[in-house]
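Here are my notes on the model, set out as numbered points. Please read them with the structure open.

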Amino acid sequence: MCLKTKQSSRHNKSCSKQRQLTRIIESFHIGFKTITSQLFVLTSLEYSSLKYIPSSSHVLNTVFLISFISLNLNLKSIDNIESVRLSNMLAIFSKSSLPKKVGSHTIRQLSSVNFDIQHKHPQARKQVGLPRARYGGRNAVTMLPGGGIGPELMSYVKEVFLHGGVPVDFETIQIDPKSDNNDDLQYAIMSIRRNGVCIKGNIETRSLDTAIISRNVAIRNELDLFVNVINVQSYNNVPSRHKNVNVIVIRQNTEGEYAMLEHESVEGVVESMKVITEENSTRLARYAFELAKNNGRSKVTAVHKANIMKLSDGLFLETCKKMSENYPDIKFEHMIIDNCCMQLVSNPHQFDVMVMPNLYGSIVSNVICGLVGGAGLISGRNYGDHYAVFEPGTRNTGSSIAGTNTANPVAMLSASADMLEHLGHKVHCDIIRTAISKTLNEDMIHTADLNGTYKSTDVVHNVIKHRELLNCNTKILASLTTTEHNKHKQNSQLELMKKKQKLIGLFEIRMTKYLTSLLDYRFASPIPIS
């Protein structure tokens, strides 16, 4: 009996210590699995091998796996390890985050992808900015030279782009101003729809047929280019009435008197309809306030004639007032168009952002461009929800000076810089703008409209010269940046080596504790063999 009791007692102790051994191994098992999963990634082992991670009873396999991973760690080159991945592993490893458990099942964390949205709306994609045609990393842009000085100005744009290596390909379309049909116009509109972006000169419409509408207005209406923006800034050394002018003019582009709704009610009496809608006025007002907000502007001035046209201009003014309530940080004023023209001539510095209907915008744009040097300096931008068209700000044809090599190319070159900014080619845009500024302010290369004696080609060649110098400076800066990047890369490799050593050290500490616990248990109380 005593012998059986002793054997039973010894068996109970053995079972107790086996349970204790099981708890020891299981306590390390979860942490070990986390460690080994990170180390498998580090050593580029197949993650599927994790199914061989030992259970609580396979101590021999555990020792083998530790040796196997350690061998791969020692053989792995630091150059083949990604620094970001290793940093993430260290962070996870140090936190010892464990998977959640429900009963005996382990729940893996799902990815952060919102599958509900993805499956409910598989075709929905957020469109950032305006659509742009890109082929082989280059942008396709529609070019409409127009009439008058347009073709020669477009040739200057191509020359500057060629010397600068700008990644833009032009699809040039000529529209015959004498044509009695709209075939050329429809082809041009189709091209702009395809490419998303256009640069154009002013297009003449010489046909006397009343069915042939203005090509410029038709393009804006067909593409819904509801807003025209010109940023009027004076040049320091360009002769002008006022210095330090910086005003943004925002013009409604598709309505007003430009609706082209005219008819002769009786002989000798012609009626023209002016169309103002709340929807387009709201779009324009919102654009003006958003532009002021995003560009650090403090005031928006609405220009109107609501004292006479109480319904049409009254609707426009009321819409602007309602919109201003959503922007309390931006001051809102309104001014009658005739008073506005007088104020512009006498004191243009009182204006910051100006918003107005179509016809008033045409008048104000020409007045304020004349204040800073004339029609050859300022560029204009036309925006819709999907397309963008860039052109000189005053939209003049310049037929009287066509072919004389005296037209000022600055407005068209500035329009091309605006286009590059829109396309995301910020470096090329900044280089062209800087070259234009140096040509006008430092070298004083001025054409006849600025009381100068230089030709159009002189301005273009000087811009190209500055562009090449700026390109060289940009390359030198890029070289210096590359050197700094190489130094940073070397430092990163040193940091990477330290992180790897830290990871190996943590691994060894964890595994040493694991094996020590097992060995202490084994040698302290060996399990009897029955």
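1. Helices here are DSSP runs of H or I with at least four residues, numbered from the N terminus. By that count Tyr-156 sits in helix α5, residues 150-164. Keep in mind throughout that this is a predicted model.

2. Is Tyr-156 buried or exposed? Its relative accessibility is 8%, and the cut-off for buried is under 20%, so Tyr-156 counts as buried. Its contacts beyond four places in sequence are Asn-405, Pro-409, Leu-413, Ser-456, Thr-457 and Val-460. One pairing spans a long stretch of chain: Tyr-156 and Val-459 are 303 residues apart in sequence, yet their C-alpha atoms are separated by 9.8 Å.

3. Tyr-156 also takes part in a helix pair. It is one of the α5 residues that meet α12, together with Leu-153, Met-154, Val-157, Val-160 and Phe-161. On the α12 side the partners are Met-412, Leu-413, Ser-416, Met-419 and Leu-420. The two axes come within 9 Å and cross at roughly 50°. The helices α5 and α12 are therefore oblique to each other. Their crossing is right-handed.

4. Now the nonpolar interior. The largest core has 83 residues. Ile-250, Met-354, Val-355 and Met-419 have the most contacts inside it. Helix α12, residues 410-423, supplies the largest share of this core, with eight residues. Why does the core lie between two domains? Domain 1 (130-226 + 382-389 + 401-510) and domain 2 (240-372) both give residues to it, so the core lies between them. In soluble globular proteins, nonpolar side chains tend to be buried together.

5. Take Met-354 as a sample from that core. Setting aside neighbours within four places in sequence, Met-354 is in contact with Val-247, Ile-248, Val-249 and Ile-250, among others. Its further contacts are Thr-301, Val-303, Cys-340, Leu-344 and Val-364. There is also a second, separate core of 15 residues, which includes Leu-144, Ile-173, Leu-185 and Leu-223.

6. Ala-188 touches two of the residues named for that second core, Leu-144 and Ile-173. It also touches Thr-142 and Ile-175, again leaving out residues up to four places away. Ala-188 is found in helix α6. It is buried, with a relative accessible area of 0%. Ala-188 and Thr-142 are 46 residues apart along the chain, with 7.8 Å between their C-alpha atoms.

7. Helix α6 (residues 183-195) packs with helix α7 (residues 215-222) at an angle of about 40°, with the axes 11 Å apart. The pair is therefore oblique. The crossing of α6 and α7 is right-handed. Leu-185, Ile-189, Ile-192 and Arg-193 of α6 meet Arg-215, Ala-218, Ile-219 and Glu-222 of α7.

8. A third pair to inspect is α8 (residues 278-294) with α9 (residues 312-324). Their axes come within 9 Å and cross at roughly 45°. The helices α8 and α9 are therefore oblique to each other. This crossing is right-handed. From α8, the contact uses Glu-278, Ser-281, Thr-282, Leu-284, Ala-285, Arg-286 and Phe-289. From α9, it uses Leu-315, Phe-316, Thr-319, Cys-320, Met-323 and Ser-324.

9. Val-168 belongs to strand β5, residues 168-172. It is buried, with a relative accessible area of 7%. Val-168 and Ala-140 lie 28 residues apart in sequence and 5.9 Å apart in space, C-alpha to C-alpha. Beyond four places in sequence, Val-168 touches Arg-138, Asn-139, Val-141, Phe-161, Leu-420 and Leu-423.

10. Finally, two backbone points to check. Most residues other than glycine have a negative phi. Asp-224 has a positive phi of about 55°, although it is not a glycine. It lies in the loop between α7 and β7 (227-233). At 28% relative accessibility, Asp-224 counts as partly exposed. Asn-405 has a positive phi too, about 60°, and is not a glycine either. Its loop runs between β15 (388-392) and α12. With a relative accessible area of 23%, Asn-405 is partly exposed. Asn-405 is also among the contacts of Tyr-156.

Conventions. Residues are numbered from 1 along each chain as its sequence is written. This is a predicted model: local features need pLDDT of at least 70, side-chain atom pairs count only at pLDDT 80 or more; totals for chains, interfaces and linings use all residues. Side-chain values use heavy atoms; hydrogens and water are left out. A nonpolar core is a set of buried Ala, Val, Leu, Ile, Met, Phe, Trp, Tyr and Cys residues joined through side-chain atoms within 4.5 Å. Buried means under 20% relative accessible area, exposed over 50%, partly exposed in between (1.4 Å probe, protein chains only). Helices (H or I, at least four residues) and strands (E, at least two) are DSSP runs, numbered from the N terminus. Domain bounds come from an automatic or database domain assignment. Contact means heavy atoms within 4.5 Å. Axes are lines fitted to C-alpha atoms, for helices over the stretch in contact, and angles run from 0 to 180 degrees between N-to-C directions. Angles under 35 degrees count as roughly parallel, over 145 as roughly antiparallel, 65 to 115 as roughly perpendicular and the rest as oblique. A crossing is left-handed if the near helix is turned anticlockwise from the far one by less than a right angle, and right-handed if clockwise.
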